[in-house]
Amino acid sequence: MKLEGNGISYSFGPHEVLSNIEISVPKNKITVILGPNGCGKSTLLKGLSRLIKPQKGCVYLEGRDINTIPSKEVAKKLSILPQSPTGPEGLSIWDLVCFGRYPHKKPLEKFGIADELIVNTTLEKVGLYDLKDRSLDQLSGGQRQRAFIAMALAQETPLLLLDEPTAFLDMHYQFEILNLLRNLKDKDNKTILLVLHDLNMASLYGDHIILLKDGVVFKSGASDEVLTQENLFEVFGIKALPVKSEEGLQFVFSSII
Amino acid sequence: MLKKTLILLTLCLIISVMSLKAGVLKFSLFNMSPDDYLVFYTIRLPRTILCWLLGPLLALSGAILQSITKNPLSSPDILGINAASSLAGLMTLVYFPGLPYSYLPLFTFAGGMIAFGLIFLLGRRMSPVSLALTGVAIHILFSSITSMVVSINSLQMQAALSWLTGSLWGKSWDHVTLAFIPTLIILGMVLLFARNLNLHQFSDDTMKNLGSRPNFSRLFFFIISVFCGSLAVGLMGPVGFVSLLSPQAARYLVGNDLKKVIPIASLIAVFWLLFADFLGRVILQPIEVPVGIITSIIGVPCFFFILSRFKRGIAQ
């Protein structure tokens, strides 16, 4: 499933958030978008997933303009988890995840055993099966986040876009979620696009890194090419020392400038 | 769910029978003289059936508005839609007295759509509280114009005033025919799209992600809700609280899934109308108290009860 953006520009009033972005999301890889606050990461993700329409440029899903494809059809190919998603308080985890099956159902089509099976396995994958009858207001921030990730997974789309899926999670669940995503990539051939803040996590899990600065792509490529001392200084204004280990790049931070 | 539906259905049937028997003329349902039968068939039966048709309309208009505005305080009476419908209906009755009453719903719908337009212009992207307040303002606007129309035309007011309080008096089989098909079609249609309506519990981004078009869906359901509310106003005049409170009571009983909320809320509304109509005919015999007055008298304490539950919910 191919997702590309050609010359995407987007502005809120006079303030241009994205300017002329060229992006191609590599297939069956984990791509991580990195960049400082307000550089347009979330806007880019929303544009790529047709939540907002870029004022200039075009997003192509499998070569077709995404805004001309019926939305329900897109929803079978691409799912997007927005930043800090919200749902009704009294809804149970089970019911929430069932909403992920919505795009696959015709108006009168019943919720079948196949759907139930999918919901069950996704709940097991995110480790919430035992809590499936809890309602959203009884969950911790991390459980909530995992519940919404499960909803996106239940959509069973080849493309997964997630805006800071590890926010609110402790280290254990950060690894858990990212391992889960890596598994989905390896076993189910999913294409995954993430916004992350943690450079270590990005370099550990990202096959492809896109570094954004002020609404333009500053650098993109493999982590050791992109996350260099100079680039990080340029984009984040930090002194960072990349160290190569067996796992990949690790960073030692000394100070901000 | 099945048990609750059956209980409510039984209650509605019992009150139907009671209301068929209630009135100045007393008779047994199984042993009627020809005169009794005439009263039963031409006056009481259509009234009772009309309650069964108008109840779902009121419940639907409230349940839909509450979902799409994500606001438990929404309903066509709170948002001023009913006030606009009533004004349009009143003006039709006063200025075109010769028009057949079957045209009334057309005018009430037009009035409701004007209020809808105002809410849409003023109230978009508003928090639940400001939306409710905007609605209250719109309500006051239209009800003061209504009072004005009433005071400058006070001579020809008798029929119009009875309509304005929301009354089932003198409703005939013609009203039943007028309500029958739209109610069934809309009830079926909304249940068919209930899954989409359920998505309005989420943010617009999540709705879009799931392949729904939030703005289009909101517009579509809003118009359906205005249509339901105005049709009910057109047929019996404005009746307060039923569309606001029936869906809330139903949510309390069966949760938030509209596939369950809509049937239950409809039955609650039917029961409420039947009960109010029954009381109205019994308490001050031989005078009949209009159904709209009784629903409001019952509605106010229920409203306070639900408000207190909200407060507790927020406190927790």
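1. A:Asn189 is partly exposed, with a relative accessible area of 47%. This is a predicted model, and the backbone at A:Asn189 deserves a look. Phi there is near 55°, a positive value in a residue other than glycine. Most residues other than glycine have a negative phi. A:Asn189 sits in the loop between H6 and S8 of chain A. Both of those elements return in points 4 and 5.

2. Chain B has a residue of this kind to check as well. B:Lys70 is not a glycine, yet its phi is positive, at about 50°. Look for B:Lys70 in the loop between helix H2 (34-68) and helix H3 (81-95) of chain B. Is B:Lys70 buried or exposed? Neither label fits: at 37% relative accessibility, B:Lys70 counts as partly exposed.

3. A glycine with positive phi turns up in chain A. Strand S1 (residues 3-12) and strand S2 (residues 15-25) of chain A run antiparallel, joined by seven bridges. One pair to locate is A:Glu4, whose bridge partner in S2(A) is A:Ser24. The hairpin of S1(A) and S2(A) has two residues between the strands. In that hairpin A:Gly13 takes a positive phi near 60°.

4. Now the open sheet of chain A. It is formed by six strands in the order S6-S7-S8-S3-S9-S10, with mixed pairing. Which strands lie at the edges? They are strand S6 (78-81) and strand S10 (216-221) of chain A, and each pairs on one side only. From one strand to the next, the twist averages 15°. Within the sheet, strand S3 (residues 30-34) and strand S8 (residues 191-195) of chain A run parallel, and four bridges join them. A:Ile30 stands opposite A:Ile192 in S8(A).

5. Two helices of chain A to note pack on this sheet. Helix H6 (residues 171-188) touches S3, strand S7 (159-163) and S8 of chain A. The direction of H6 makes about 155° with that of S8(A). Helix H9 (residues 229-236) of chain A also packs on the sheet, touching strand S9 (208-213) and S10 of chain A. The direction of H9(A) makes about 40° with that of S9(A).

6. Next, the cavity. How many cavities of 30 Å³ or more does a search of the whole structure find? The search finds one. About 50 Å³ of space lies in the largest cavity. Both chains contribute to its lining: A:Ile80, A:Leu81, A:Pro82, A:Pro85, A:Phe148, A:Met151 and A:Ala152 from chain A, with B:Thr206 and B:Asn209 from chain B. Two or more residues each come from S6 and helix H5 (141-154) of chain A, and from helix H9 (204-209) of chain B. H5(A) gives the most, with three residues. Strand S6 of chain A thus has a second entry in this note: it is also an edge strand of the sheet.

7. The second largest pocket holds about 750 Å³ of space. It is lined by 27 residues. Closest to the centre of the pocket are A:Asp95, A:Phe99, B:Asn198, B:Asp257 and B:Lys259. Four helices each supply at least two lining residues: helix H3 (93-99) of chain A, and helix H7 (173-192), helix H8 (194-198) and helix H12 (258-282) of chain B. Which element has the largest share of this lining? H3(A) does, with four residues.

8. On cysteines: over all chains, the structure holds zero disulfides. Why is B:Cys228 unbonded? The closest cysteine sulfur, in B:Cys51, is 17 Å from the sulfur of B:Cys228, so the two are too far apart for a bond; the cut-off for a disulfide is 2.5 Å. B:Cys228 is also buried, with a relative accessible area of 0%. In chain A, A:Cys39 is buried too, with a relative accessible area of 3%.

9. Last, B:Gly170. This glycine lies in the loop between helix H6 (158-164) and H7 of chain B. Leaving aside neighbours within four places in sequence, B:Gly170 is in contact with B:Arg47 and B:His175. B:Leu307 is 137 residues from B:Gly170 along the chain, and their C-alpha atoms are separated by 35 Å. H7 of chain B, on one side of the B:Gly170 loop, also supplies at least two residues of the lining of the second largest pocket.

Technical notes:
Residues numbered from 1 in each chain as written. Chains lettered and ligands numbered in written order. Predicted model: local features only at pLDDT ≥ 70, side-chain atom pairs only at ≥ 80, totals over all residues. Heavy atoms only, no water. Buried < 20%, exposed > 50% of the residue type's maximum accessible area, 1.4 Å probe, protein only. Pairing = 2+ DSSP bridges. Axes fitted to C-alpha atoms, helices over the stretch in contact; angles between N-to-C directions. Contact = heavy atoms within 4.5 Å. 1 Å grid on protein atoms, 1.4 Å probe; cavity = no way out; pocket = protein on both sides within 12 Å on 5 of 7 lines; lining within 4 Å. Points joined across faces, edges and corners; volume = space filled by probe spheres on them.
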